[in-house]
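Please read the points below with the model open beside you, and find each place on the chain before going on to the next point.

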Amino acid sequence: MTFFDMKFWKRTYKTLFLLIMMNSPLIVTRLNNYFVSCDSPGQGLLSIWLRVTVCVAFIVLLAALEILPHYEKGLNFRLLILAGGYELIITSFYALAAELIICIVLFRRMGPSSLFLINLAVAYCVLLFHYLNGFWRTAFCSSQLGLGRRIVMFFLWWVFPINAFLFYRWCRIVRMELITARSRYLLDAARVENAICRTRYPVIMVHGIFFRDWHYLNYWGRIPRFLKQNGALVYYGRQQSSLAVADSAAELKSEIERVLAETGAEKVNIVAHSKGGLDSRYAISRLGMAERVASLTTINTPHRGCRFADVLLERLPKWLIHYTARRYNALFYMLGDDRPDFLAGVKDLTASACALFNETVPDAPGVYYQSVMSKMHNHRSAFFPLNIGYLLSKKYEGDNDGLVSVSSAAWGNYLGLLSAGKKGISHADMIDLTHKDLKGFDVGEFYVKLLSGLKERGF
């Protein structure tokens, strides 16, 4: 930290303002005693106006410190609130340390007088309000804290020393989230003119099964924003959540034709996740899209199927399978699907179905195919149902991402196996579904480099 570090000085003056408000009874009393002691006419009236003026000034100062928005270049609205909350928490701890020293000095001089006790009560209330303001801002605006940590904090915030450890981890996670966001902004700002993701052809991102490209809940998380910031022209597959591969491919074909008509481009690049890779291969090879698609990149796609899907369909009670299918279809019909078909989608992901698929859907000669895969390290690396899927797939196929086995994902030019940290990278992490920043893996930067590589290849 340098002498001219602006962040340090901002925290310092905010802490000083907070200390002034915390000790306002003592300050007002001292100022009042000073003016009253002056031998001048009208000193009683002056004392009243002084009290009112100082109290109003403190209220304004408190409102400014607690309400005025935090501003920092490169952060969106959510992150600005998060950064402001983090600063409130940090200045709370600074003020607490300083106030402990002040209270010790005051107690030695004043003893347990009424003024000391009033000042102590006001200091506690002001500091608690300041801290809670920051705490709730971070609780509501952080994308990295996770539901489990929030629940544990809610129930154990008062238990010492557990709360001290929880507070430390809480602040550390928020701090890393802000550091990551700032680093991404600086990186993108430095290369914005290069437009490294501005590929020759527009990009269509094709989602997998059990999801849709909803407007308010993007399947691809923050990835499209990162790509657009670096010049990419991004569209979506917009197929329904669960259909047979052939039906999903037909919907994808319509979207490819729409994008080509809208942009005037000759071809598109497809980046597909999970079952979306199979939908894309079918559209290219069986529905006449080979001359309309320049490249297909598949992300964690089960090209050779999921063996545990075969096992579940064979061993689960038929009534349970059909009940689940009916409930799923009813739900996604309400969410906008015209004709969701849970069973058709699942059956096309079995190892037996994919073996037949690979025989009847050969690669198109003029299309560049590449693939990439990730893996989890254990069943605790992801939430339900990926944790259960990991155990099932591990039993029958070995290493996997919670749904797809490593041995099933390689197709065309294989870019390799991704893994990071203690948990690894799950099926959902590869599309930033939970918006979680993983140690050792920047999902946004991965896709930026992916499109940058396509650009370098002339696509």
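The numbered points that follow deal with pockets, a cavity, a helix pair, aromatic rings and two details of the backbone.

1. Please keep in mind throughout that this is a predicted model, and that each value below was computed from it.

2. The largest pocket has a volume of about 1400 Å³, and 38 residues line it, with Q144, K423, K436, D437 and L438 lying nearest its centre. Two helices, α6 (147-156) and α7, are the elements that give two or more residues to this lining, and the largest share, seven residues, comes from α7. When the lining of the largest pocket is sorted by class, it divides into eleven nonpolar, twelve polar and 15 charged residues.

3. The second largest pocket holds about 1100 Å³ of space, and its lining is made up of 36 residues, of which I209, F210, F342, P385 and L403 lie nearest the centre. At least two lining residues come from each of the helices α11 (307-315), α12, α13 (342-347) and α15 (386-397), and α12 gives the most, with five residues. By class, the lining of the second largest pocket has 30 nonpolar and six polar residues, but no charged ones.

4. Two of the residues nearest the centre of the second largest pocket, F210 and P385, also deserve a look for their backbone. Most residues other than glycine have a negative phi, and most peptide bonds are trans. Against that background, F210, which is placed in the loop between β1 and α8, has a positive phi, near 70°, although it is not a glycine. P385, found in the loop between β5 (368-374) and α15, is joined to F384 by a cis peptide bond, with omega at about 5°.

5. F210 also takes part in an aromatic pair, and the structure holds 20 such pairs. A pair of aromatic rings is described by the distance of the centres and the angle of the planes. How far apart are the ring centres of F210 and Y328, and at what angle do their planes lie? The centres are 5.4 Å apart and the planes lie at 65°, so this pair counts as edge-to-face, given that angles over 60 degrees fall in that class. The pair links distant parts of the chain, with F210 in the loop between β1 (203-206) and α8 (223-229) and Y328 in helix α12 (residues 318-334), 118 residues apart.

6. By the rule used here, the count comes to one cavity of 30 Å³ or more, and about 50 Å³ of space lies in it. The residues lining this cavity are R184, L187, D188, R191, F226, D442, G444, E445 and V448. Helices α7 (162-191) and α17 (443-456) are the elements that give two or more residues to the lining, with α7 giving the most, four residues. Sorted by class, the lining of the cavity has three nonpolar, one polar and five charged residues.

7. Two packed helices are described by the angle between their axes and the distance between the axes. For helix α4 (residues 77-110) and helix α5 (residues 114-141), the axes come within 8 Å and cross at roughly 160°, which means that α4 is roughly antiparallel to α5. The crossing of α4 and α5 is left-handed, and the residues of their contact divide into 20 nonpolar, nine polar and three charged.

Terms used. Residues are numbered from 1 along each chain as its sequence is written. This is a predicted model: local features need pLDDT of at least 70, side-chain atom pairs count only at pLDDT 80 or more; totals for chains, interfaces and linings use all residues. Side-chain values use heavy atoms; hydrogens and water are left out. On a 1 Å grid over the protein atoms alone, a cavity is a set of points where a 1.4 Å probe fits but cannot get out, and a pocket is an open set with protein on both sides within 12 Å along at least five of seven lines; lining residues have an atom within 4 Å of a point. Grid points are joined across faces, edges and corners, and a volume is the space filled by probe spheres set on the points. Ala, Val, Leu, Ile, Met, Phe, Trp, Tyr, Cys and Pro count as nonpolar, Asp, Glu, Lys and Arg as charged, and the others, Gly among them, as polar. Axes are lines fitted to C-alpha atoms, for helices over the stretch in contact, and angles run from 0 to 180 degrees between N-to-C directions. Angles under 35 degrees count as roughly parallel, over 145 as roughly antiparallel, 65 to 115 as roughly perpendicular and the rest as oblique. A crossing is left-handed if the near helix is turned anticlockwise from the far one by less than a right angle, and right-handed if clockwise. Rings of Phe, Tyr and Trp (its six-membered ring) pair if their centres lie within 6.5 Å; planes under 30 degrees apart count as stacked, over 60 as edge-to-face and the rest as tilted.
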